[in-house]
Amino acid sequence: MPRYKGTMVHDAYSVYPMYTEASHALCHAHHLRELREYTELYGHSWSKEMAEALLEMKQAVEKAGGSLPEEEARRWEAVYDELLSNDRRELEERCQQGKHGGVRKAKNFIRRLEKRKQEALLFLRKKEVPFDNNQAERDLRMVKVKQKISGTFRQEDDAEAFCTILSVISTLQKHGKPVWESFAKTSKRRVSPNDSPVLLGHFRYRKCPIGAGF
């Protein structure tokens, strides 16, 4: 990770800024969960408006094909700034009314969104930056399933082979490529779904590099 030069999408945990080679973006799935807490647990109204605005931004980006024109991105930035300003006022009013539930935590949340605005809104302009990091979590989930449910890995080589195979399959799927046909091309032989135990067994136990033949 210290040498990673892409964009890390994360939950703003304080350790991540130490990776200075990478650029950073904030995960809005985490923000939406926090906002739901303020709305449902403490009865705040600002949090519902902010959540709706974030989801509208996401829809606008998807409709635009992954990134917004600069003029529209600036318009959403103005909406973002105005909402945060209104949010602060609502929290102050709640304090004056003696309604302190969740206020301190909410102020810290708003301060984070203000301080890290560029990271929070990076997905508006960069097509390669997603709205959240849910895809990364989905990619890792099968490793945990294998570790917890399927008898774990018996040795380190098994874990490495499993991760290599899973990484290749996931990459093919993200690029819209047929998995088995792609394996067939790299292995220089015809592969059918019935060959899967043989194929995966070959990659697992012989640790055959991608592109090598049987």
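A residue counts as buried when its relative accessible area is under 20% and as exposed when that area is over 50%, with partly exposed in between. In this predicted model, Ala12 has a relative accessible area of 15% and is therefore buried, since that value is under 20%.

**Ala12 and His10**

Ala12 is found in the loop between S1 and strand S2 (23-26), and its phi is near 70°, a positive value in a residue other than glycine. The backbone nitrogen of Ala12 lies 3.1 Å from a polar atom of the side chain of His10. His10 itself is found in strand S1 (residues 7-10) and counts as buried, at 3% relative accessibility. When its neighbours within four places in sequence are left aside, His10 is in contact with Tyr16, His24, Ala25, Leu26, Cys27, Arg116 and Asn133. One of these partners, Tyr16, counts as partly exposed because its relative accessibility of 23% falls between the limits of 20% and 50%.

**Aromatic pairs and charges over rings**

A pair of aromatic rings is described by the distance of the centres and the angle of the planes. A search of the whole structure finds six aromatic pairs, including the two set out in the table.

| Pair | Centre to centre | Angle between planes | Geometry |
|---|---|---|---|
| Tyr13 and Tyr16 | 6.0 Å | 75° | edge-to-face |
| Trp46 and Phe109 | 6.2 Å | 45° | tilted |

The pair of Trp46 and Phe109 links distant parts of the chain, with Trp46 in helix H2 (residues 46-63) and Phe109 in helix H4 (residues 103-115), 63 residues apart. Trp46 is buried, with a relative accessible area of 1%, and Phe109 is buried, with a relative accessible area of 1%. Ring pairs also link Tyr38, Tyr42, Trp46 and Phe109 into a cluster.

Two basic side chains lie over ring faces. Lys58 lies over the face of Phe131, at 5.9 Å from the ring centre, while Arg75 lies over the face of Trp76, at 4.7 Å from the ring centre.

**Helix H2 and its surroundings**

The helix that holds Trp46 can be checked for length: at 1.5 Å a residue, the 18 residues of H2 should span 26 Å, and its end C-alpha atoms are 26 Å apart, which agrees. Within H2, the residues Trp46, Ser47, Met50, Ala51, Ala53, Leu54, Met57, Ala60 and Val61 are buried. The buried residues of H2 pack against helix H1 (28-42), helix H3 (70-96), H4 and helix H6 (122-125). The packing against H4 goes together with the ring pair described above, in which Trp46 belongs to H2 and Phe109 to H4. After H2 comes Gly65, whose phi is positive, near 90°.

**The chain as a whole**

The secondary structure of the chain comes to ten helices and two strands, and along the sequence these follow the pattern β-β-α-α-α-α-α-α-α-α-α-α. Of the 214 residues in the chain, 34% are buried. Among contacts between residues at least 6 apart in sequence, 56% join residues that are at least 24 apart; the pair of Trp46 and Phe109, 63 residues apart, likewise links distant parts of the chain. The accessible surface of the chain comes to about 13700 Å², and 51% of this surface belongs to carbon and sulfur atoms.

Conventions: Residues are numbered from 1 along each chain as its sequence is written. This is a predicted model: local features need pLDDT of at least 70, side-chain atom pairs count only at pLDDT 80 or more; totals for chains, interfaces and linings use all residues. Side-chain values use heavy atoms; hydrogens and water are left out. Rings of Phe, Tyr and Trp (its six-membered ring) pair if their centres lie within 6.5 Å; planes under 30 degrees apart count as stacked, over 60 as edge-to-face and the rest as tilted. Buried means under 20% relative accessible area, exposed over 50%, partly exposed in between (1.4 Å probe, protein chains only). Helices (H or I, at least four residues) and strands (E, at least two) are DSSP runs, numbered from the N terminus. A charge sits over a ring if NZ of Lys or CZ of Arg is within 6 Å of the ring centre and within 35 degrees of the ring normal. A polar contact is a pair of N or O atoms within 3.5 Å; within protein, one must be able to donate a hydrogen and the other to accept it, and residues adjacent in sequence count only if both atoms are side-chain atoms. Contact means heavy atoms within 4.5 Å. Accessible areas come from the Shrake-Rupley method with a 1.4 Å probe; for residues, only the protein chains shown count as cover. The expected span of a helix is 1.5 Å times one less than its number of residues.
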